[in-house]
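Please open the model in your viewer and keep the sequence panel beside it, since each stop on this tour begins with a selection. The route goes from one element to the next, with a wider view towards the end.

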Amino acid sequence: MNLYQFVSDSINKAVEQNVTLEVPKSREFGDFSTNVAMVLAKSMGKAPREIAAEILPKIAALEFVANASIAGPGFINIKLKDGFILTSANQKLEIKNQKPEIIDLDYGAYNIAKTMHIGHMRGSIIGDTLYRIAKFLGHRPISYNHIGDWGKPMALVIAWIMKKFPNDWNKPDFKIKETEFNDYYPAASAYAKENPEFLKQVLQIKKDFQDGHPEYFALYEKMMKISLDDMETIVQRLGIIPFDNTLGERNAAKYVDIVEKILREKNLLQMDNGATIINLKTDADTAPMPPFMFYDSRGADTYDSTDLAALYYRKITDNPDKIIYMSDARQNLHFEQLFRVAELSRIFPRDGLESMGFGSINGKDGRPLKTRDGAAATLHGAIDIVEDAAQIRITESGKNLPINTIKTIALAALKFNDLMHDVKSDYVFDADAVTQFEGRTGPYILYTAVRLNSVLKKAGNFVKAKKISQLQIDERNLLLGILDFERTVQNAFDRRAPDILANYTYDLCQLANTFYHNCPILREDVDADTRAHRLQIATIARDTLATAIDLMGLKIPEEM
């Protein structure tokens, strides 16, 4: 149950006021507190403690309240009955969503013919977690990997292959060497910056490719096969749920003409130096607001036009209540432009569009993360770094774990470290630190779950405990932590902040480990009723922790 919501609603009804509850850092004086008396003091013309004294009996009379007291200038502290806490924790978790929504989640954003970089990691991990949470809460999420498969990068690689293999590139039996493939885009991009004629050729190839040039398309299909296979590998290595849709700019391009017609009917398009644009700047803008470029000067589709067409496609296909985009924070301006055009054209309401711009991942030196040999870290490279660090950590501990378990631990280290940081913030990535088995790390989370599983496995089947009237302090704290799970998950989704869930999970693990150390379960001097009671608490804690771990896309290994 959502303990906070239940207690809050009950108190609101009892005192006939809108009471805001706080959860004290220390539960020594109460499980909840409220400053409602101080809030009402001015409007009622009374001293806060006087108002608190009037409210107190109504709160104390509630069936689940063990004690209510006034503290300081007028705070009211509320302590719950132990029996109520235990009964509530034993209730089956059932999420009842009164307003389920269809939510399109755009993350991944992988590219054809380009190496997946470290930025793709954040979008994939954050997006996958929000997808899992949305589904858990009763929504209908639909995930999109909006791949880059239509614009200038495609043309650059095609032009480079033509330059590198002038006599073979258009032959039916021509094969792209996968070992060299990831080098083509950076080489072509660097060459285009120094050679205007090559860049001119690239821009023409882009236009011809989009117009259906058969030889360019044949080459594109070969590139697509290699890239899609790599994407599938990444999805598996990251342990994320396969995308519901892997559709990119090429699919969106089918709807550009329809969208153009809508924009022309609204008189939004105008010409500017041969390009077709939409002016978006308003008098209220204090920062630069460039125009939205629908067609470039050659008449080719642009990043802007295909993103708008993709939005239109999702509207007519999914008819979602919301569309949430996850990308590097440097894309924030682009999405502000996109959302303005969507609203002006009435393709999609502005209040249903969200952009989550996430921060970057840096190495210990504060610069972009690099591999051990000094090269810029790719997404595969980042995973390799953590797997190597996890292997070293486990070898140093003297343990001999299966390779799949090591990979599971490494992935937890990688993903939890990403999720525990605020989405918008940059963070420093230290593979040696994140693979520690102690502290705020993924391995610590898994180790706690493995420990609880081990206790329950050793205990075997156990009889249900007799009704307990009083809880030991660490039992009580753990159960209260468990009862905050539903509110935490809802809060993490509403605020689009998976770090709320990640850090709650760490706090729950600390409570579980304190309980484990201070409340013996299987020791011989523990009586049968106490053992059964504590096994019951351990089971609830394990189940809650397992759910939180699953929502973050992690897996609990058999041993650690």
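Select isoleucine 103 and look across to E10, where lysine 322 stands opposite it. This is a predicted model, and the pair belongs to the pairing of strand E5 (residues 102-106) with E10, which runs in the parallel sense over four bridges. Now extend the selection to the whole sheet: four strands lie in the order E6-E5-E10-E11, the sheet is open, and the pairing is parallel. At its edges you will find strand E6 (140-144) and E11, each of which pairs on one side only. Neighbouring strands here are turned by 20 degrees against each other on average, if direction is ignored.

Keep the sheet displayed and add H5, which packs on it and touches E5, E6, E10 and E11, while the direction of H5 makes about 135 degrees with that of E11.

Move next to the E10 and E11 side of the sheet. Strand E10 (residues 322-328) and E11 run parallel and are joined by six bridges, and if you pick serine 327 you will find that its bridge partner in E11 is glycine 357. Following the chain from E10 takes you through helix H13 (residues 332-345) to E11, a β-α-β crossover that is right-handed. Although E11 is an edge strand of this sheet, five of the six residues of strand E11 (residues 353-358) are buried, so the strand is largely enclosed by the rest of the structure.

Before leaving the crossover, select arginine 346, which is found in the loop between H13 and E11. Its phi is near 65 degrees, a positive value in a residue other than glycine. Is this arginine 346 buried or exposed? With a relative accessible area of 72%, arginine 346 is exposed, because the cut-off for that class is over 50%.

A useful counterpart is alanine 113, which has its place in the loop between E5 and H5. Phi of alanine 113 is also near 65 degrees, again a positive value in a residue other than glycine, but alanine 113 counts as buried, at 1% relative accessibility.

From that loop, step into helix H5 (residues 118-136) and select histidine 120. Histidine 120 counts as buried at 6% relative accessibility, because the limit for that class is under 20%. Show its surroundings: leaving out residues up to four places away in sequence, histidine 120 touches Gly108, Ala109, Tyr110, Asn111 and Leu379. The side chain of histidine 120 reaches the backbone oxygen of alanine 109 at 3.1 Å. Tyrosine 110 is ten residues from histidine 120 in sequence, and the C-alpha atoms of the two are 7.0 Å apart.

Tyrosine 110 also leads into the interior. The largest nonpolar core has 154 residues, and Leu80, Tyr110, Ile161 and Met223 are those that touch the most other members. Helix H9 (residues 214-238) gives the most to this core, with eleven residues. A second, separate core of 32 residues includes Phe292, Tyr325, Phe335 and Phe339.

For another sheet, select E7, E8 and E9, three strands that form an open sheet in that order with antiparallel pairing. Its edge strands are strand E7 (270-272) and strand E9 (292-295), each pairing on one side only, and the twist averages 50 degrees from one strand to the next. Within it, E7 and strand E8 (residues 275-278) pair in the antiparallel sense over three bridges, and glutamine 270 stands opposite isoleucine 277 in E8.

The last close-up is glutamate 475, in helix H18 (residues 473-482). Glutamate 475 is buried, with a relative accessible area of 3%. Its side chain makes a polar contact with the side chain of histidine 533, at 3.1 Å. If neighbours within four places in sequence are left aside, glutamate 475 is in contact with Phe515, Cys519, His533, Arg534 and Ile537.

Finally, clear the selection and view the whole chain. The secondary structure comes to 21 helices and 13 strands, and along its principal axes the C-alpha trace spans about 85 × 65 × 40 Å. Of the 560 residues, 53% count as buried. Among contacts between residues at least 6 apart in sequence, 73% join residues at least 24 apart.

Technical notes. Residues are numbered from 1 along each chain as its sequence is written. This is a predicted model: local features need pLDDT of at least 70, side-chain atom pairs count only at pLDDT 80 or more; totals for chains, interfaces and linings use all residues. Side-chain values use heavy atoms; hydrogens and water are left out. Helices (H or I, at least four residues) and strands (E, at least two) are DSSP runs, numbered from the N terminus. Buried means under 20% relative accessible area, exposed over 50%, partly exposed in between (1.4 Å probe, protein chains only). A polar contact is a pair of N or O atoms within 3.5 Å; within protein, one must be able to donate a hydrogen and the other to accept it, and residues adjacent in sequence count only if both atoms are side-chain atoms. Contact means heavy atoms within 4.5 Å. A nonpolar core is a set of buried Ala, Val, Leu, Ile, Met, Phe, Trp, Tyr and Cys residues joined through side-chain atoms within 4.5 Å. Two strands pair if DSSP finds at least two bridges between them. Axes are lines fitted to C-alpha atoms, for helices over the stretch in contact, and angles run from 0 to 180 degrees between N-to-C directions. A crossover is right-handed if, with the strands pointing away from the viewer, the path from the first strand over the helix to the second runs clockwise.
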